[in-house]
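This report goes through one structure part by part. Please keep the sequence and the model at hand while reading.

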Amino acid sequence: MPHDATVDPAERALQLAYSHLDRRERTASEVREYLRRKGFDPSTAELTLAALTAEGSVDDRRFARLFTADKRELEHWGAERIRRTLLQRGVDPDTVTAALVEQSDDTPPFQAELARAVDLLRRRFASPPQTRRDRDRALGVLVRKGYEPEIAFDALAALTRGE
């Protein structure tokens, strides 16, 4: 339970949640779990979460959009790895799907994913892989980053063709 008995539990929960959110953007599920670990009962946690959601401090749609953009641009993650991670963080599947199909331009999602995969291979390999071992390494890089096998094979083929 909260440390100071003179402070209303709901107020203390809100203070702790704000402190938790100051560090970085969080999902509703992450905030709920944080409050549970701090000893708050489920009803206090839900009331706190409702207040944070109503004021816009917690927004799973915003979180999913930002997370997806960051992981695509900074970490070069593929859609499948992003999907798995967002689901693990408690974002609902429809919100995850919406964030993954959202693009900054009109490029179809498959084409955009393929372009990112080819770009990642160009960054990682000085020249297109020639040997089977090098091709396997390139495919491994893409699969570990979360690209689906179909996209990984297409990206490797495009790189080999010099596209």
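## Helices H7 and H8

H7 and H8 cross in a right-handed manner. The model is predicted. The angle at which H7 and H8 pack is about 125 degrees, and their axes are 10 Å apart. H7 is therefore oblique to H8, because an angle that is neither under 35, nor over 145, nor from 65 to 115 degrees counts as oblique.

On the H7 side, the contact is made by Ala 117, Leu 120, Leu 121 and Arg 124. On the H8 side, Ala 138, Val 141 and Leu 142 take part.

## The largest nonpolar core

In soluble globular proteins, nonpolar side chains tend to be buried together. The largest nonpolar core in this model consists of 17 residues. Ala 117, Leu 121, Leu 142, Tyr 147 and Ala 155 are the ones with the most contacts inside it. At least two residues of this core come from each of helix H7 (109–124), helix H8 (132–144) and helix H9 (149–161). H9 supplies the largest share, six residues.

What does Ala 155 touch, not counting residues up to four places away in sequence? The residues are Leu 114, Ala 117, Val 118, Leu 121 and Leu 142. Of these, Ala 117, Leu 121 and Leu 142 are also among the residues with the most contacts inside the core.

Another core, with 14 residues, lies apart from this one. Its members include Ala 13, Val 31, Tyr 34 and Phe 40.

## Helices H1 and H3

Two packed helices are described by the angle between their axes and the distance between the axes. For helix H1 (residues 9–23) and helix H3 (residues 42–54), the angle is about 55 degrees and the axes are 9 Å apart. H1 is therefore oblique to H3. The crossing in which H1 passes H3 is right-handed.

Where they meet, H1 contributes Pro 9, Ala 10, Ala 13, Leu 14, Ala 17, Tyr 18 and Leu 21. The residues in H3 are Thr 44, Thr 48 and Leu 52. Ala 13, listed here on the H1 side, is also one of the residues of the 14-residue core.

## His 76 and Glu 80

His 76 is in the loop between helix H4 (60–75) and helix H5 (79–88). Although His 76 is not a glycine, its phi is positive, at about 60 degrees. Is His 76 buried or exposed? His 76 has a relative accessible area of 16%, so it is buried, as the cut-off for buried is under 20%.

Glu 80 lies in helix H5. Its relative accessible area is 26%, which means that Glu 80 is partly exposed. Leaving aside neighbours within four places in sequence, Glu 80 is in contact with Gly 146 and Glu 148. From Glu 80 to Arg 144 there are 64 residues in sequence, and the two are 9.9 Å apart in space, C-alpha to C-alpha.

## Thr 95

Thr 95 is part of helix H6 (residues 93–101). Its relative accessibility is 13%, so Thr 95 counts as buried.

Which side chain makes a polar contact with the side chain of Thr 95? The partner is the side chain of Asp 92, at 2.6 Å. Not counting residues up to four places away in sequence, Thr 95 also touches Asp 60, Arg 61 and Ala 64. Asp 60, Arg 61 and Ala 64 fall in the range of helix H4 (60–75).

Notes
Residues numbered from 1 in each chain as written. Predicted model: local features only at pLDDT ≥ 70, side-chain atom pairs only at ≥ 80, totals over all residues. Heavy atoms only, no water. Core = buried A, V, L, I, M, F, W, Y, C linked by side-chain atoms within 4.5 Å. Buried < 20%, exposed > 50% of the residue type's maximum accessible area, 1.4 Å probe, protein only. Helix = DSSP H or I, 4+ residues; strand = E, 2+ residues; numbered from the N terminus. Contact = heavy atoms within 4.5 Å. Polar contact = N/O pair within 3.5 Å; in protein donor to acceptor, adjacent residues only side chain to side chain. Axes fitted to C-alpha atoms, helices over the stretch in contact; angles between N-to-C directions. Left-handed = near helix turned anticlockwise from the far one by under 90°.
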